[in-house]
Amino acid sequence: MLIKVKCFAWALEVTGAEEIQIEIKDSAKVSDLRECLSQKYPQFSGRMESIAVSINQEFAGEGSAISASDEIALIPPISGGI
Amino acid sequence: MICKIVETPIETDKLINAFQSESLGATCSFTGMVRGESRGQKVTHLEYHTYKEMAEKKLLQVVSEAKERFKISDLLIIHRIGTLQIGEVAVFILVASAHRDAAFKACRFSIDRIKQIVPIWKKEFGEDGAVWIEDSPVDVNENKSP
């Protein structure tokens with residue numbers, strides 16, 4: 001299935017786009033998404049672990065299932081406030 | 001209860017004045033302002049970026065968690081995004097409660113929680129270029145909505 005992934009902060013600088021499309025196996029999990037991203041963007045190497053993944057605006061664990069209609073985003077370490 | 005992400009300057013005086021009421025007892029505020037120095041380097045300005053839809057949802061989560069934990073009567077959280085110059089207000093929190101203890105604690109809790117779960121990022125611009133500040137990788141297990 002083809003999924004859309006929103007990218008923010010330095011994850012956006014790595015992919016070069018606010019939203020990317022990735023082909024991923026059906027019934028994929030967050031861990032599968034990480035694998036695909038690491039292959040497509042080697043620049044994530046060594047930093048992938050620090051990125052959280054959100055599904056439908058909620059933080060998701062490694063085993064969370066992804067479907068094509070989900071709103072998925074890459075959330076690098078956050079730094080709001082001062 | 002108000003929580004917002006804005007792109008315009010935060011007018012703290014106006015917000016405080018609008019917050020006054022005889023029934024409050026205590027108010028406590030936190031104002032986070034852009035510093036001109038960071039890690040020994042001169043800072044020229046900051047850029048705040050956000051995933052707005054999720055950040056607004058997570059700010060609401062901060063508010064509801066603060067209400068659950070502390071006996072407060074009102075809470076206002078405003079975070080600014082975009083380009084901010086030195087001295088400008090990036091985040092403002094205002095708490096009202098009948099007694100001081102809850103006001104202090106809820107104020108502290110709110111700013112700490114923002115840094116844990118609200119998807120906002122700052123990029124620091126200095127003489128040596130720009131760098132993304134990474135305060136905290138999100139701990140997914142501890143940061144789900146209740």
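Here are some short exercises with worked solutions on a predicted model.

**Exercise 1. Getting to know chain A**

Work out how many helices and strands chain A has, and in which order they run.

*Solution.* Start with the count: chain A holds two helices and five strands. Next, walk along the chain from the N terminus, and the elements read β-α-β-α-β-β-β.

**Exercise 2. The dimensions of chain A**

Find out how the radius of gyration of chain A relates to that of a compact globule.

*Solution.* Begin with the expectation: for 82 residues, a compact globule would have a radius of gyration near 12 Å. Then look at the chain itself: the value for chain A is 12 Å, so the two agree. For the outline, take the principal axes: the C-alpha atoms of chain A fill a box of roughly 40 × 25 × 20 Å. Now turn to the inside, where 37% of the 82 residues count as buried. Finally, consider the contacts in chain A with a separation of 6 or more: 47% of them come from residues 24 or more positions apart.

**Exercise 3. The two sides of a helix**

Take helix 2 of chain A and decide which residues are buried, and why they line one face.

*Solution.* First, list the buried residues of helix 2 (residues 30–40): A:Val30, A:Leu33 and A:Leu37. Second, look down the axis of helix 2 of chain A: these buried residues fall within an arc of 50 degrees, so they line one face of the helix. The spacing helps here: an α-helix has 3.6 residues a turn, so residues three or four places apart point the same way. Third, check the other side of helix 2 of chain A, where A:Ser31 and A:Gln39 are exposed. Last, ask what the buried residues pack against: in chain A, their partners are strand 3 (52–55) and strand 4 (58–60).

**Exercise 4. The sheet of chain B**

Trace the open sheet of four strands in chain B and find its edge strands.

*Solution.* Step one is the order, which is 1-5-7-2, with mixed pairing. Step two is the edges: strand 1 (2–6) and strand 2 (26–33) of chain B each pair on one side only. Step three is the turn between neighbouring strands of this sheet, 5 degrees on average with direction ignored. Step four goes to one pair: strand 5 (residues 74–80) and strand 7 (residues 89–97) of chain B are antiparallel, with six bridges. In strand 7 of chain B, B:Phe92 is the bridge partner of B:Ile78. Step five adds helix 3 (residues 100–117) of chain B, which packs on the sheet and touches strand 2, strand 5 and strand 7. The direction of helix 3 makes about 150 degrees with that of strand 7 of chain B.

Note on methods
Residues are numbered from 1 along each chain as its sequence is written. Chains are lettered from A and ligands numbered from 1 in the order in which they are written. This is a predicted model: local features need pLDDT of at least 70, side-chain atom pairs count only at pLDDT 80 or more; totals for chains, interfaces and linings use all residues. A residue is buried if 20 or more other C-beta atoms lie within 10 Å of its own, exposed if 12 or fewer, and partly exposed in between; C-beta atoms are placed from the backbone. The arc is that of the directions from the helix axis to the C-beta atoms. Two residues are in contact if their C-beta atoms, placed from the backbone, lie within 7 Å. Two strands pair if DSSP finds at least two bridges between them. Axes are lines fitted to C-alpha atoms, for helices over the stretch in contact, and angles run from 0 to 180 degrees between N-to-C directions. The radius of gyration is taken over C-alpha atoms; the globule rule is 2.2 Å times the number of residues to the power 0.38.
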